[in-house]
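The exercises below ask you to read packing, burial and symmetry from a model, each followed by a solution in steps. Please try each task on the structure before you read on.

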There are 2 protein chains.
Amino acid sequence: MTPDLANEALASQIAFLQEIDRLKGVLRATPICDNSRPENSAEHSWHLAMYAMVLVDQAGPDVRIDRVIRMLLLHDIVEIDAGDVPIHLVHDSEAQAAKERVAAERIFGLLPAEQGAEFRALWEEFEAAQTPDAVFAKSIDRVQPLLLNLANGGGSWIDYHVTMEQIDARVGTKVNRGAPALWRHVRARVAGYFAS
Amino acid sequence: MTPDLANEALASQIAFLQEIDRLKGVLRATPICDNSRPENSAEHSWHLAMYAMVLVDQAGPDVRIDRVIRMLLLHDIVEIDAGDVPIHLVHDSEAQAAKERVAAERIFGLLPAEQGAEFRALWEEFEAAQTPDAVFAKSIDRVQPLLLNLANGGGSWIDYHVTMEQIDARVGTKVNRGAPALWRHVRARVAGYFAS
């Protein structure tokens with residue numbers, strides 16, 4: 001690469017890194033543990049990456065945890081344009097998926113072509129939830145809000161009038177698919193909340 | 001591991017993951033890019049991990065980028081107890097280091113022993129800034145606030161009456177050590193800000 005091209009690539013990468021700062025302003029439905037304010041998608045992504053590091057023993061033998069961490073770090077970046085849709089909100093998931101594809105095109109498109117394609121492929125793998133890495137990453141993404149709500153006193157469960165049956169259907173199936181022992185443990189705690 | 005011990009280990013890991021949620025409430029001196037509020041240390045850690053992913057080509061050949069990402073994800077966790085000390089604030093760095101060691105003992109001590117020791121070793125490696133991974137991680141940690149301040153209109157440079165000479169001395173030497181081409185590029189932009 002010539003010095004000019006290298007400098008151009010670096011300028012593109014910095015433009016991307018400045019743009020994704022906006023993820024710090026995308027608010028989610030779940031309050032943080034002390035219930036002082038909603039969680040934003042940037043700190044959520046950090047927390048999920050830490051979940052993957054800590055809970056690596058919950059992953060199946062085919063899971064490459066460093067790929068999971070990278071996937072979780074970038075999985076919400078499309079929300080900068082498409083917004084976060086709470087899991088317990090009734091919504092048009094086809095329309096949301098279309099918005100996210102346009103967002104991926106624009107935001108990952110800020111990067112040098114090869115790197116942008118690599119990031120986009122990792123995001124698409126996460127969304128498709130078929131590979132062992134993506135299945136485990138989805139389990140982590142679904143389980144963390146449950147633990148926030150247990151700490152913050154109910155959080156988005158109260159706001160959306162959520163029942164244990166809805167959690168089993170919308171969240172539990174996905175956590176269980178990638179991390180069954182984790183789901184058994186967390187489900188018992190969540191069931192305790194709903195029973196009280 | 002017996003089921004009881006496995007469950008106990010998982011309970012410790014979840015206690016750690018709930019505790020580190022508090023990093024979302026630790027505020028830094030640098031405002032986010034839109035200048036609406038200070039950055040917190042959790043979203044900062046996410047941003048740095050993304051910097052490492054994106055700027056991997058700036059790292060020397062001995063750098064293992066996945067270890068750098070892990071290091072950056074956990075490098076600020078001690079701030080939950082010890083607080084963030086702005087780089088341009090005159091402070092007692094020995095006393096701060098002592099506070100951080102006590103914090104590491106308590107917070108990484110929430111994890112199962114082997115995992116807690118592994119995380120603590122990674123944090124100590126970052127702090128010591130001797131290995132290629134830690135030197136690159138430090139470069140990333142130092143360069144990101146410069147780019148936030150360029151976007152937010154000066155940020156902590158204004159609050160702390162910072163000069164270009166201070167940036168060269170306190171920040172530039174560390175960025176340059178791990179990522180010299182990155183420093184050349186960013187320094188030119190920062191010098192432009194201070195010249196205007």
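Contact here means heavy atoms within 4.5 Å, and helices (H or I, at least four residues) are DSSP runs numbered from the N terminus. This is a predicted model, in which local features need pLDDT of at least 70 and side-chain atom pairs count only at pLDDT 80 or more, while totals for chains, interfaces and linings use all residues. Residues are numbered from 1 along each chain as its sequence is written, chains are lettered from A and ligands numbered from 1 in the order in which they are written, and side-chain values use heavy atoms, with hydrogens and water left out.

**Exercise 1. Packing of α2 and α3 in chain A**

Task: Describe how helix α2 (residues 41-54) and helix α3 (residues 65-74) of chain A pack, and state which residues of the two helices meet.

Solution. Two packed helices are described by the angle between their axes and the distance between the axes. Axes are lines fitted to C-alpha atoms, for helices over the stretch in contact, and angles run from 0 to 180 degrees between N-to-C directions.

Step 1: the axes of α2 and α3 of chain A lie 8 Å apart, at an angle of about 170°. Step 2: α2(A) and α3(A) are therefore roughly antiparallel to each other, given that angles under 35 degrees count as roughly parallel, over 145 as roughly antiparallel, 65 to 115 as roughly perpendicular and the rest as oblique. Step 3: the crossing of α2(A) and α3(A) is right-handed, a crossing being left-handed if the near helix is turned anticlockwise from the far one by less than a right angle, and right-handed if clockwise. Step 4: from α2(A), the residues A:S45, A:L48, A:A49, A:A52 and A:M53 meet A:I65, A:V68, A:I69, A:L72 and A:L73 of α3(A). Step 5: sorted by class, this contact of α2(A) with α3(A) has 9 nonpolar, 1 polar and no charged residues, where Ala, Val, Leu, Ile, Met, Phe, Trp, Tyr, Cys and Pro count as nonpolar, Asp, Glu, Lys and Arg as charged, and the others, Gly among them, as polar.

**Exercise 2. Packing of α5 and α6 in chain A**

Task: Repeat the analysis for helix α5 (residues 93-108) and helix α6 (residues 113-128) of chain A.

Solution. Step 1: the axes of α5 and α6 of chain A come within 9 Å and cross at roughly 155°. Step 2: that angle makes α5(A) roughly antiparallel to α6(A), and the crossing of α5(A) and α6(A) is right-handed. Step 3: A:E100, A:R101, A:A104, A:E105 and A:F108 in α5(A) meet A:G116, A:F119, A:R120, A:W123 and A:E127 in α6(A). Step 4: by class, the contact of α5(A) with α6(A) has 4 nonpolar, 1 polar and 5 charged residues.

**Exercise 3. The relation between the two chains**

Task: State what turn and what shift lay chain B on chain A.

Solution. Step 1: a turn of 180° and a shift of 0.0 Å along the axis lay chain B on chain A with an RMSD of 0.0 Å, copies being superposed by least squares on the C-alpha atoms of residues with pLDDT of at least 70 in both. Step 2: the two copies are thus related as by a two-fold rotation axis. Step 3: the same surface serves both copies, since 100% of the contact residues of chain B recur in chain A.

**Exercise 4. Residues of chain B and their contacts**

Task: Decide whether B:R70 and B:Q13 are buried or exposed, and list what each is in contact with, leaving aside neighbours within four places in sequence.

Solution. Step 1: B:R70 lies in helix α3 (residues 65-74) of chain B and is buried, with a relative accessible area of 16%; buried means under 20% relative accessible area, exposed over 50%, partly exposed in between (1.4 Å probe, protein chains only). Step 2: beyond neighbours within four places in sequence, B:R70 is in contact with A:M53, A:I65, A:D66, A:I69 and B:L122. Step 3: B:Q13, in helix α1 (residues 3-19) of chain B, is buried at a relative accessible area of 7%. Step 4: with the same neighbours left aside, B:Q13 is in contact with A:V54, A:L55, B:L111, B:P112 and B:Q115.

**Exercise 5. Positive phi in loops**

Task: For B:A129 and B:H161, give phi and the loop in which each is found.

Solution. Step 1: most residues other than glycine have a negative phi. Step 2: phi of B:A129 is near 55°, a positive value, and B:A129 lies in the loop between α6 (113-128) and α7 (132-152) of chain B, where B:A129 counts as buried at 11% relative accessibility. Step 3: B:H161 has a positive phi of about 50°, is found in the loop between α8 (155-159) and α9 (164-178) of chain B, and is exposed, with a relative accessible area of 67%.
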